[in-house]
Amino acid sequence: MSTEFCVYIMTNKNHTTLYTGMTGNLSRRVWEHKNDVVKGFTSRYRLHLLVYYECSGTLEEALTREHQIKGGSRKKKIDLIDSINPDWRDLSDNL
């Protein structure tokens, strides 16, 4: 059984804060964010909306992509989200 590694961006209801992460189980990780399972940055800022994700076949590809996105400006992250989700809908229903 192969694992699909995903890079994702979460935000809050006002879209004021963005969080980029990477996981081998996107549906589980989004559930953890939405339920504030891990105390810290994402629970403090109530980052409960999945607004962007992309998946790849290898851990190395996902890590590289996560670093690219994290290293980009806020505008680049917004442009990335807008490219696939211009209404900033919560994509977690699609998982």
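W88 is buried in this predicted model. Its relative accessible area is 12%, below the 20% limit for burial. W88 sits in the segment after α4, the helix that spans residues 74-84. The backbone at W88 is also notable. Most residues other than glycine have a negative phi. W88 is not a glycine, yet its phi is positive, at about 55°.

D36 also has a positive phi without being a glycine. The angle at D36 is about 50°. D36 belongs to a loop. That loop runs between α1, residues 26-34, and α2, residues 41-44. D36 is buried, and its relative accessible area is 16%. This value, too, falls under the 20% cut-off.

Aromatic contacts were examined next. The structure contains 3 aromatic pairs. One of them joins Y8 and Y19. The two ring centres are 6.3 Å apart, and the planes meet at 50°. The pair is therefore tilted, because its angle is neither under 30 degrees, as in stacked pairs, nor over 60, as in edge-to-face pairs. Y8 lies in strand β1, which covers residues 5-11. Y19 lies in strand β2, which covers residues 18-23. The two positions are 11 residues apart in sequence, so the pair ties together separate parts of the chain.

The two tyrosines of this pair can be described by their accessibility. Y8 is buried, with a relative accessible area of 1%. Y19 is partly exposed, at 23% relative accessibility. The value for Y19 does not fall under the 20% limit, so Y19 does not count as buried.

Y19 also pairs with F41. Here the ring centres are 6.2 Å apart and the planes stand at 35°. The pair of Y19 and F41 is thus tilted. This contact links distant parts of the chain, from Y19 in strand β2 to F41 in helix α2. The two residues are 22 residues apart. F41 is partly exposed, with a relative accessibility of 37%.

Y8, Y19 and F41 do not stand alone. Together with Y45, these residues form one aromatic cluster. Within the cluster, Y19 takes part in a pair with Y8 and in a pair with F41. The cluster includes the buried Y8 and the partly exposed F41.

Definitions and conventions:
Residues numbered from 1 in each chain as written. Predicted model: local features only at pLDDT ≥ 70, side-chain atom pairs only at ≥ 80, totals over all residues. Heavy atoms only, no water. Helix = DSSP H or I, 4+ residues; strand = E, 2+ residues; numbered from the N terminus. Buried < 20%, exposed > 50% of the residue type's maximum accessible area, 1.4 Å probe, protein only. Phe/Tyr/Trp six-rings, centres within 6.5 Å; stacked < 30°, edge-to-face > 60°.
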